[in-house]
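Subject: Structure handover and notes

Dear colleague,

I am passing on the structure we spoke about, and my notes on it follow below. Please read them with the model open beside you.

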Amino acid sequence: MKKQQAIPDNTDMIMDHPACMRKISQLIMVMKREVVPLTTALGRVTATDLTALLPQPAFRQSLRDGYLVASGIGEAGSDQIFPITGIIQAGNVTETVILPGQAIRIMTGAMVPKAGNRVIPQEECSKDNDMVRIPAHALGNLRTHIEEEGSEMAVGDLVVAAGTVLQPEHIGLLATTGLNEIEVFRRPRVGFFCTGSELVEIGSVPLPGQKISSNQHLLAGLVRRFGGEPRFLGTIHDTHAALAQTFAELRATECDLVISTGGMGPGKYDLIEQAFLEAGGEVIYNHLDLTPGKNSLCGLLGEKLFFGLPGPPTAVHALMNAVVGPALLQIQGVGTLYPMIISACLSQPITIRRPGIMQLRGGILSYSDGRCLVRMAGKHEPPSCYMVIAADRSSYKQDELIEVQLTATPFGPHFS
């Protein structure tokens, strides 16, 4: 076994939230790229700018059901009568010839021949057998009801920028502009384990002093929320030998990032940091100037980024939203910074029991009378945001504006 290392002075590794995010960003290596069919690209992150291979629309098309004419303004401002010489339906691929003085029945989405310069909506026309009367005001209308080829997007125009999480709307647009395969970043494989001799698996009947491990299920969902592939590595007892073996085996896993829960307090059985160091881990910080998260750790184990989170699920959720999740997004090349931050009005006053350190408190957002409101989340309510309590504040008044971090991500919150 490797000789036990002395834990460095904690005061050298305390970071506030902005500093830890800057440091983590410097260490992140973006995932490798892969090419996937467009049909499987939903929720993937684009690795390159995607440009149009086909114009949009791909041809001159009619925007209305009506009559296509090749002439413009009526003579002397009078109505005109045209013979109807044919019909053009949507999907017709044959170039139709139209001459001045003629009209052709045309449908919405149908291809407009080059000589056609105006579609008159059918409700403005009067048809009599094979003739159609078109009023002068319709012929003189500047609106042609024709959409020109490439008027929305030309070949080579940017369709979706690199670093975009692909939504259904993106997929539809990419398809219409001719792309059927795209280059994306590989999804990160996120390994996680939960420490605690008191933890038992779901389906077990806990004995007195034991409890069901909830963090493994919480983390699996949160990892997916940030676009990762969760891989549960097990429940580990609070013993030096068990943790040493776990960290020794982590280097050989295919995981790109690893998370642990529990074992991060100052107690006798909080052994995560020591086991991490003995395995050759490099500590980036071991305390955050933030609650929850004061007792947490971030470091490198070889090239793997490791996060040691506290055990309480409320702390796990808050730190996944504020620290670990944004790191996962950066690993995937997501261009937008998270968590997204807005301001909301407090619907109730808040008193801070222990000011002096930045705090994150789960909140519930709502909208009323033109205002975005926030209140404290109940004990078992999934928070829709986290209220950012400044270190120098001991209270907030009702209706006061407060900064909140949204729990939404570009994948959801319920993407799978």
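How far apart are the mean positions of the positive and negative charges of the chain? For the 34 positive and 40 negative charges, the two mean positions are 6 Å apart. Please keep in mind throughout that this is a predicted model.

Overall form

The chain has 416 residues, of which 46% count as buried, and its secondary structure consists of seven helices and 30 strands. Its radius of gyration is 31 Å, whereas a compact globule of 416 residues would have one near 22 Å. Along the principal axes, the C-alpha atoms fill a box of roughly 95 × 50 × 45 Å. Among the contacts with a separation of 6 or more, 72% are between residues 24 or more positions apart. The accessible surface comes to about 20,600 Å², and carbon and sulfur atoms account for 53% of that area.

Nonpolar cores

The largest nonpolar core has 46 residues, and the members that touch the most others are I24, I259, Y285, F307, M320 and V323. Helix 7, which covers residues 313–331, gives this core its largest share, namely eleven residues. Apart from this core lies another one of 18 residues, among them F193, F247, L277 and F306. As for F307, once its neighbours within four places in sequence are left aside, its contacts include I24, L257, V258, I259 and S260, and they also include Y285, L297, C298, V323, V324 and A327.

Helix 4 and what follows it

Helix 4 runs over residues 215–225, and its buried residues are N215, Q216, L219, A220, L222, V223 and R225. The cover over these buried residues includes strand 14 (189–195), strand 17, strand 18 (257–261) and helix 7. Just after helix 4, G227 takes a positive phi of about 85°.

F226 sits in the loop between helix 4 and strand 17. Is F226 buried or exposed? Its relative accessibility is 3%, so F226 counts as buried, the limit for that class being under 20%. Not counting residues up to four places away in sequence, F226 touches M320, N321, G325, P326, L328, L329, Q332, T409 and F411. Its C-alpha atom is separated by 7.8 Å from that of P326, although F226 and P326 are 100 residues apart along the chain.

Strand 17 itself spans residues 229–236 and holds F232. With a relative accessibility of 31%, F232 counts as partly exposed, because this value falls between the 20% limit for buried and the 50% limit for exposed residues. Beyond its neighbours within four places in sequence, F232 is in contact with F192, F193, C194, E201 and Q216. The C-alpha atoms of F232 and Q210 are separated by 20 Å, and these two residues are 22 residues apart along the chain.

Loops and backbone details

Which residues are joined by a cis peptide bond with omega of about -5°? One such bond joins Q56 and P57, and another joins T291 and P292. P57 belongs to the loop between strand 3 (50–51) and strand 4 (61–62), while P292 belongs to the loop between strand 21 (290–291) and strand 22 (297–301).

Positive phi values also occur at N129, where phi is near 55° in a residue other than glycine, and at D369, which is not a glycine either and has a phi of about 50°. N129 lies in the loop between strand 9 (126–128) and strand 10 (131–134), and with a relative accessible area of 60% N129 is exposed. D369 is placed in the loop between strand 26 (358–368) and strand 27 (371–376), and at 77% relative accessibility D369 counts as exposed.

A further loop residue is V93, found between strand 6 (80–88) and strand 7 (103–106). Its relative accessible area is 74%, and V93 is therefore exposed, since that class begins over 50%. The C-alpha atoms of V93 and M111, which are 18 residues apart along the chain, are separated by 7.4 Å.

With best regards

Notes: Residues are numbered from 1 along each chain as its sequence is written. This is a predicted model: local features need pLDDT of at least 70, side-chain atom pairs count only at pLDDT 80 or more; totals for chains, interfaces and linings use all residues. Side-chain values use heavy atoms; hydrogens and water are left out. Helices (H or I, at least four residues) and strands (E, at least two) are DSSP runs, numbered from the N terminus. The radius of gyration is taken over C-alpha atoms; the globule rule is 2.2 Å times the number of residues to the power 0.38. Buried means under 20% relative accessible area, exposed over 50%, partly exposed in between (1.4 Å probe, protein chains only). Contact means heavy atoms within 4.5 Å. Accessible areas come from the Shrake-Rupley method with a 1.4 Å probe; for residues, only the protein chains shown count as cover. Lys and Arg count as positive and Asp and Glu as negative; His and the chain ends are not counted. The place of a charge is taken as NZ of Lys, CZ of Arg, CG of Asp or CD of Glu. A nonpolar core is a set of buried Ala, Val, Leu, Ile, Met, Phe, Trp, Tyr and Cys residues joined through side-chain atoms within 4.5 Å.
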